[in-house]
Amino acid sequence: MTDMFVSLGTWNWLIFGFVLMALEVIAPGVFLFWLGLAALLVGLISFAVVISWQIQLVMFAVFAAAAVPVWRRLARPKPNASASPFLNKRSEALLGREFTLEKPIVDGNGTMRIGDTVWRVAGPDTPAGTRVKVVQVDGANLTVAAA
């Protein structure tokens, strides 16, 4: 068994690293990539410096262990800075916007078409054709005021 470790050389580490990365492509799970990267680093360092097999194994273990926090940092979800922060909150996206009433608000209640959706609106009695501003949102109910 020791003979196998003694024979570890630069090319063995590079081949081992590429094999691990190829396995990652075949069976993705992100884990083998970092082990392959650690093996490649040990192989590249072995090109520059002659190192005993014990040190090579320790370097591989250190690089593999150091890859875990690096992976966690890179895999951490980024704060949602997307172009559509209201993607699943359509009513909240309407807050503060102005629209034209197609139908009048009578007795404080009415409906208003925005895009392809008809919304229930509440507010002061207002004739059709008036510009209104959405001032409050409560689920699918919009409260409007004259703009």
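## The sheet

Let's start with the sheet: 5 strands line up in the order 1-4-5-3-2, forming an open sheet with mixed pairing. Out at the edges stand strand 1 (98-100) and strand 2 (109-114); each has a single partner strand, so one side of each is left without a neighbour in the sheet. Going from one strand to the next, the twist averages 50 degrees. Keep in mind as you look around that this is a predicted model.

For a bit of background, strands of a sheet pair through backbone hydrogen bonds, either parallel or antiparallel. Here, strand 3 (residues 117-122) and strand 5 (residues 141-146) run parallel, joined by 3 bridges. If you want a spot to zoom in on, find A122, which stands opposite T143 in strand 5.

## Helix 4 and what it packs against

Now over to helix 4 (residues 53-75). With 23 residues at 1.5 Å a residue, helix 4 should span 33 Å, and its end C-alpha atoms sit 32 Å apart, which agrees.

Which residues of helix 4 are buried? They are Q56, M59, F60, A64 and A67. Those buried residues pack against two other helices, helix 2 (10-26) and helix 3 (31-48). In general, an α-helix has 3.6 residues a turn, so residues three or four places apart point the same way.

## A closer look at S46

S46 lies in helix 3. Is S46 buried or exposed? Its relative accessibility is 9%, and the cut-off for buried is under 20%, so S46 counts as buried.

Leaving aside residues up to four places away in sequence, S46 touches T10, W13 and Q56. Q56 is also one of the buried residues of helix 4.

Definitions and conventions:
Residues are numbered from 1 along each chain as its sequence is written. This is a predicted model: local features need pLDDT of at least 70, side-chain atom pairs count only at pLDDT 80 or more; totals for chains, interfaces and linings use all residues. Side-chain values use heavy atoms; hydrogens and water are left out. Helices (H or I, at least four residues) and strands (E, at least two) are DSSP runs, numbered from the N terminus. The expected span of a helix is 1.5 Å times one less than its number of residues. Buried means under 20% relative accessible area, exposed over 50%, partly exposed in between (1.4 Å probe, protein chains only). Contact means heavy atoms within 4.5 Å. Two strands pair if DSSP finds at least two bridges between them. Axes are lines fitted to C-alpha atoms, for helices over the stretch in contact, and angles run from 0 to 180 degrees between N-to-C directions.
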